Amino acid sequence: MKILFQTLLSVILLFALAHTSMAQMTPSSIKGKVTNIENQPILFANVALYNSSDSTIVKVGYTLEDGSFLLPELDPGNYWLKISFVGYSPYVLSPLDLVQNSELALEEITMITAENELETFTVESQKPLLEIKKDRVIFNVRESINSIGINTLDLLRKSPNVMIDKTGNIRMMGRSGAIVAINGKILPLTGGDLTAYLETIQTDQIESIELVTDPGAQFDAVGTAGVINIVLRKNSDFGANGSFVSGYSIGNKSRYNTALSGNYRSKLFNIYGSYSFNRYQNPYQEESLIRQNGRFLDLVGEGNIDRKVHAVRAGMDFNLSPKSVIGFLATGSFADLLWDISDQANFGTSAGIEGILNAASNNVLERTDHSFNLNYRYQNENGTIFNIDADYASFQKDVNNRQPNTIFDPAGENIISSVIYFISSPTSIDIKSIKADHERTLGQGKLSLGVKLTDIQSDNRFGFFREENGNLIPDLERSNDFLYKENISAAYASYFANFGKKFKLVSGLRAEYTQTTGELQSLQIEQNASIKRNYLDFFPNLNLTFLANEKHNWSFNANRRINRPNYNRLNPFQLLLNEFTFSQGNPFLLPEYATAFTFAHNFKSTITSSITYNEVKNHIGQLYLPTENNKFFLTQVNLEKQSQITLNVSAPLTISDWWEAYGTFSGFYIENKFDTLDTSFDEKVTSMSFSLQNTFTLPKAWKVELSGFYNAPTLSGVNDRIGTIWTVDIGASKSILKNRGFLSVGVSDIFRTNVWPSSSNSLIISANEFRIEDTRRLLLSFNYNFGNSKIKGSRRRTTGLDEERRRSN
């Protein structure tokens with residue numbers, strides 16, 4: 001750490017001296033004054049100066065109380081100037097020719113009010129690292145060097161106000177229950193399957209991450225903490241074009257990825273497609289100590305995940321008229337995974353060790369996902385919109401798991417018992433959906449209406465075998481077939497209106513009627529072989545914004561949302577982890593409901609703060625429980641409720657024209673109440689998280705970034721407490737090949753501190769766990785854009801399978 005800080009200080013001093021000496025040689029400057037149409041000065045407007053040749057940023061500043069600004073110590077050259085401020089249309093002045101040893105005095109600049117700008121508060125740089133809007137926070141990934149060349153899972157862990165634990169549970173703005181979407185399409189994955197999928201997407205493909213904290217009624221009501229929307233890059237140019245991306249990283253194991261995309265547009269149609277391949281390896285080590293009823297299991301293990309994924313995407317949009325378009329989109333992915341685990345565990349009582357368990361788990365997974373979308377959209381010059389989506393998706397997963405378990409005596413010399421288990425668990429999910437949306441001007445605002453129908457069928461089969469002399473002997477008592485059907489009928493209405501120049505209102509109501517049937521087919525004796533539920537839910541939302549003046553903007557948000565259990569978590573089969581531990585689904589899981597209230601404030605279009613109260617009824621959490629035969633199992637349960645108060649503060653800081661920083665802080669108080677299964681909890685914790693990102697703009701188009709985050713101990717699941725987690729990253733980047741190419745290099749998790757310590761304790765059972773993965777890595781990435789640069793890219797649109805696809809795993 002000391003060496004790193006000394007190096008950083010030396011770099012800062014070096015460029016500060018260089019900057020000073022250059023300023024003495026060329027003391028040119030630009031000054032001006034900014035007012036509104038009423039000739040009143042505009043305070044703290046962003047002033048940015050760019051090179052005309054390559055649009056790289058040269059200097060940034062802001063206006064003073066009298067509206068004046070000064071950009072000093074400039075080299076002679078050709079520039080263009082951009083001035084921006086919340087509530088006003090951006091003002092661009094070009095060209096500006098600056099000669100040596102001169103002061104360029106601009107005529108008074110008058111900015112014009114833009115009504116549509118009132119809902120957006122932007123921290124301005126070349127492209128802002130962070131944009132703050134009325135319902136979301138946008139993290140522009142392309143502006144972050146340390147976000148390049150890593151996978152999306154690691155990127156989310158670096159993102160401001162996002163935390164992901166080792167089981168894949170996501171906390172956003174300090175609140176649990178966030179879901180993930182790609183280009184507005186909610187992923188069909190959660191937990192471990194979600195993290196596995198995010199590890200296959202490289203951040204070279206990502207434009208931005210949107211933290212949608214207050215989704216409106218037009219969105220599916222899923223996501224008790226909101227939606228994390230990952231926006232993939234697209235071309236916005238004219239002419240035929242394409243891009244090539246390649247990345248490589250090395251830690252204990254290598255990872256690499258490559259992708260090729262293309263787009264062709266004519267006056268009548270647009271054709272686009274892409275292909276990508278990703279090889280991901282993740283060796284890890286873990287430790288766990290579980291105690292119950294005077295007994296213990298002390299386990300040390302290591303494993304390696306080796307995943308290969310091919311993904312394709314193809315589509316076509318046909319322009320029926322200048323106002324209407326019909327499009328078809330097909331996507332598919334094909335994954336092969338090898339997951340090898342080797343565990344050794346001592347077990348016994350307080351009197352001593354009774355034996356040693358050597359357990360292995362060799363997993364082979366094959367997965368095929370494909371989806372099809374047909375879309376029609378009409379939009380006229382008055383803002384009237386009709387949109388229809390018809391979707392079909394199929395998800396096929398086949399997992400074969402071979403588990404040798406051998407128990408030795410305490411000395412580790414003699415075999416007490418030996419058994420080999422084999423588990424086959426294929427899963428098939430079909431989802432059909434159709435939705436229609438309409439939007440039109442009504443009075444002083446805009447009215448949105450829509451309906452959606454969804455049909456889901458899931459078949460989860462679980463075959464349990466013992467391997468004897470090379471033959472598989474079925475264990476019918478532990479095998480089953482779980483069939484799940486779900487139908488959701490939804491309708492919504494939403495209204496948006498401005499009341500003068502200071503007030504803005506968005507209100508909506510969504511209704512969803514859900515019918516579910518779960519049927520368990522097994523030779524086991526079950527009192528509840530079939531479970532049926534029918535329920536009608538209403539999900540209101542309200543957003544009120546008040547622009548007090550140019551310094552203060554206030555808002556109030558309120559909403560109610562739902563998270564339904566994943567299909568396979570409802571299957572009561574027992575998935576064996578080793579001879580003493582297994583996980584088990586819960587067919588009696590109820591949906592969780594969250595109600596949230598948020599007060600937010602924005603000061604001078606830079607410092608943003610908010611306080612949120614969030615209460616989740618039937619919160620779904622993970623819990624260790626004992627069995628009668630001194631074994632342990634991991635399952636999902638419904639808490640009575642989870643209450644949380646969260647304070648968030650974020651602010652940028654321009655230290656100099658070549659050094660910018662951005663910091664976020666979250667403090668939160670969480671309380672979990674749980675009383676069932678012969679145990680009860682009332683867990684409370686006060687915690688915080690902090691992130692800081694420094695960007696240094698150096699000569700010859702080089703940029704260096706030093707970033708990191710710190711998460712204090714917090715609460716996850718029911719009573720699982722996560723220990724301290726922190727990390728530091730550094731990277732550098734440069735544009736090459738006439739700005740068509742981009743090269744970056746970096747080191748992630750320099751001190752290898754991004755580990756996951758956790759513990760859960762109760763009167764009946766306690767568990768302490770520790771996991772460290774292959775996070776310290778050298779990263780290399782190369783992007784290249786080719787073809788004509790004057791064609792619009794493919795349409796970015798959502799489909800009707802948003803929430804249902806997410807829950808298919």
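## Exercises: ring pairs, a nonpolar patch and model confidence

The structure holds 14 aromatic pairs; rings of Phe, Tyr and Trp (its six-membered ring) pair if their centres lie within 6.5 Å. This is a predicted model, where local features need pLDDT of at least 70, side-chain atom pairs count only at pLDDT 80 or more, and totals for chains, interfaces and linings use all residues. Residues are numbered from 1 along each chain as its sequence is written, and side-chain values use heavy atoms, without hydrogens and water.

**Exercise 1.** Classify the ring pair of Y50 and W80, and place both residues.

*Solution.*
- Step 1: know the classes. Planes under 30 degrees apart are stacked, over 60 edge-to-face, the rest tilted.
- Step 2: apply them. The centres are 4.2 Å apart and the planes stand at 15°, so Y50 and W80 are stacked.
- Step 3: locate the residues. Y50 is in strand β2 (residues 46-51) and W80 in strand β5 (residues 77-84), so the pair ties together parts 30 residues apart in sequence. Strands are DSSP runs (E, at least two residues), numbered from the N terminus.
- Step 4: check burial. Buried means under 20% relative accessible area, exposed over 50%, partly exposed in between (1.4 Å probe, protein chains only). Y50 is buried at 1%, and W80 is buried at 18%.

**Exercise 2.** Do the same for W659 and F696.

*Solution.*
- Step 1: the centres lie 5.2 Å apart with planes at 40°, so this pair is tilted.
- Step 2: W659 belongs to strand β41 (residues 659-676) and F696 to strand β42 (residues 679-698), so the pair joins parts 37 residues apart in sequence.
- Step 3: W659 is buried at 17% relative accessibility. F696 is buried at 3%.

**Exercise 3.** Describe F372 and its surroundings.

*Solution.*
- Step 1: F372 is found in strand β24.
- Step 2: its relative accessibility is 33%, so F372 counts as partly exposed.
- Step 3: leaving aside neighbours within four places in sequence, F372 contacts (heavy atoms within 4.5 Å) F328, L329, A330, A390, D391 and Y392.
- Step 4: F372 and S394 are 22 residues apart in sequence, with C-alpha atoms 9.2 Å apart.

**Exercise 4.** Decide where the coordinates call for caution.

*Solution.*
- Step 1: pLDDT is the predictor's confidence in each residue, from 0 to 100. The protein chain averages 81, and 83% of the residues score at least 70.
- Step 2: over residues 115-126 the pLDDT is below 50. Residues 790-796 stay under 50 as well.
- Step 3: where pLDDT is low, predicted coordinates should not be read in detail.

Terms used. Helix = DSSP H or I, 4+ residues; strand = E, 2+ residues; numbered from the N terminus.
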